[in-house]
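Here is a short report on one protein chain. Keep the sequence and the 3D view open as you read.

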Amino acid sequence: MALDPRYGTPPPPDLPYSVGNNVGCTIVMTLIGLVGVALGIYQWIRTRSVLPLMIALSGAVICIPEVFFDVMGAVYFPWSATQPLGNAYEILGRHMPWWIVAGWFGYGVFSYFMFSVLAAKPKTRTLWLMLLGAAVGDVVFEEILLKFGVYHYYGNQPLIIVSQLPWWWIPCNSIGVFLAAALAYRFRSALHGWRSLLMFIITPLSVTTVYGAIALPSWIAVNRDYPWLPTQLLGLATIGLGIAVFALILRLVLDRNPADLNYAPSTQTAEFNDPFPPLDQRTATTG
């Protein structure tokens, strides 16, 4: 791995921008995101709560802190100043294509799904299984996207197990989005009406919080030319911290014992003394 002679960190690669692949990924991710928007509008009509819609829409704003994760975690998005959808915005000298905006917009459907699961008041075991399912889905989803060359991991990445995806990224994204959904559910009465617009701040800050809490060991590995074993151990440290942070979210935000797998809140009473549940029982059950 070549390191910058002045800073001793991996320089971003110089890779071509593929117009067809970027346009295709932008269209696909936008369509996925519109599914979340449609579900949010459906819930708005049924329950008169606009919060689920704001949760789905707010995923797109994660594209702003994404740039900071990319610089620290060594991810590069090929871009173009002249080709279609090649240049959406620039932060820290990084030009980002439009597909990353669409990508996080599409991720909003997962935020909506997690919020709907919490509204159904499942057992704690279900929430742990949901995290596992999100991890598996992230591996499948990203390995497919990486084949199209619309973004690339570089540097000394830990835990590349299947093909191209470093697995230490998995808890950062999935737990970050779960934190946003958990905060929305916990404070749903306070986020009523126009206050639901606060999700456009809560969602990106939640993802940033989780990255700040668990990604540091892997960031250290990525930006130095360490041997194989220390590199993998630092990646595993991020995963271990992710599990601990998920347990903390269950305890501190959702007031659940993360080890009590059979616990489920009563469906007959509101949680947290909240008289304004966001979904009625039929909607929560069907999602």
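## The start of the chain

P5 is exposed, with 85% relative accessible area. This is a predicted model. P5 belongs to the segment before α1, a helix that spans 19-47. How far apart in space are P5 and M114? Their C-alpha atoms are 45 Å apart, and 109 residues separate them in sequence.

R6 is also in the segment before α1. R6 is exposed, at 70% relative accessibility. From the C-alpha of R6 to that of A135 is 37 Å. Along the chain, R6 and A135 are 129 residues apart.

## A helix inside

Helix α2 covers residues 51-58. Of its 8 residues, 7 are buried, so the rest of the structure largely encloses α2. Which residues of α2 are buried? They are L51, P52, L53, M54, I55, A56 and S58.

What do these buried residues pack against? Their partners are α1, α4, α6 and α7, the last of which spans 199-214.

## The nonpolar core

The largest nonpolar core holds 71 residues. Y151, F178 and L254 have the most contacts inside this core. Helix α4, residues 98-119, gives the largest share of the core, with 12 residues.

Take L254 and set aside its neighbours within four places in sequence. L254 then contacts L118, L127, F178, A182, Y185, I249, E271 and F272. F178 thus appears twice: as a partner of L254, and among the residues with the most contacts inside the core.

## A buried serine

S174 is part of helix α6. Is S174 buried or exposed? S174 is buried, since its relative accessible area is 2%, and the cut-off for buried is under 20%.

Which residues does S174 touch, apart from those up to four places away in sequence? They are Y107, M114, L131 and A134. M114 is also the residue whose C-alpha is 45 Å from that of P5.

## Helix α5 and the surface

Now look at the outside. L129, L132, V136, V140, I144 and F148 form a nonpolar patch on the surface. Together they have about 560 Å² of accessible area. L132 sits in helix α5, residues 124-147. L132 counts as exposed, at 51% relative accessibility. The cut-off for exposed is over 50%.

A general rule about helices helps when you view this region. An α-helix has 3.6 residues a turn, so residues three or four places apart point the same way.

T126 is in helix α5 too. T126 is partly exposed, with 35% relative accessible area. T126 and A264 are 138 residues apart along the chain. Yet their C-alpha atoms are separated by 9.5 Å.

## Cysteines without a bond

A disulfide is a covalent bond between the sulfur atoms of two cysteines. How many disulfides does this structure hold? The count is 0.

Why is C25 not bonded to C63? The sulfur of C63 is the closest cysteine sulfur to that of C25, but it is 16 Å away, which is too far for a bond. A disulfide needs the two sulfur atoms within 2.5 Å. C25 is buried, at 7% relative accessibility.

C172 is in no disulfide either. Its nearest cysteine sulfur also belongs to C63, at 18 Å. C172 is buried, with a relative accessibility of 0%.

## Two leucines with positive phi

Most residues other than glycine have a negative phi. Two leucines here go the other way. L85 is not a glycine, yet its phi is positive, at about 60°. L159 is not a glycine either, and its phi is also positive, at about 60°.

Where is each one found? L85 is in the loop between β1 (75-76) and β2 (89-91). L159 is in the loop between β4 (152-153) and α6 (169-186). Their surroundings can be put side by side. L85 is partly exposed, at 33% relative accessibility, whereas L159 is buried, with a relative accessible area of 9%.

Note on methods: Residues numbered from 1 in each chain as written. Predicted model: local features only at pLDDT ≥ 70, side-chain atom pairs only at ≥ 80, totals over all residues. Heavy atoms only, no water. Helix = DSSP H or I, 4+ residues; strand = E, 2+ residues; numbered from the N terminus. Buried < 20%, exposed > 50% of the residue type's maximum accessible area, 1.4 Å probe, protein only. Core = buried A, V, L, I, M, F, W, Y, C linked by side-chain atoms within 4.5 Å. Contact = heavy atoms within 4.5 Å. Patch = residues over 30% accessible without salt bridge, like charges linked within 9 Å, V, L, I, M, F, W, Y side chains within 5 Å. Areas by Shrake-Rupley, 256 points an atom, 1.4 Å probe, with all protein chains shown as cover. Salt bridge = Lys/Arg side-chain N within 4 Å of Asp/Glu carboxyl O.
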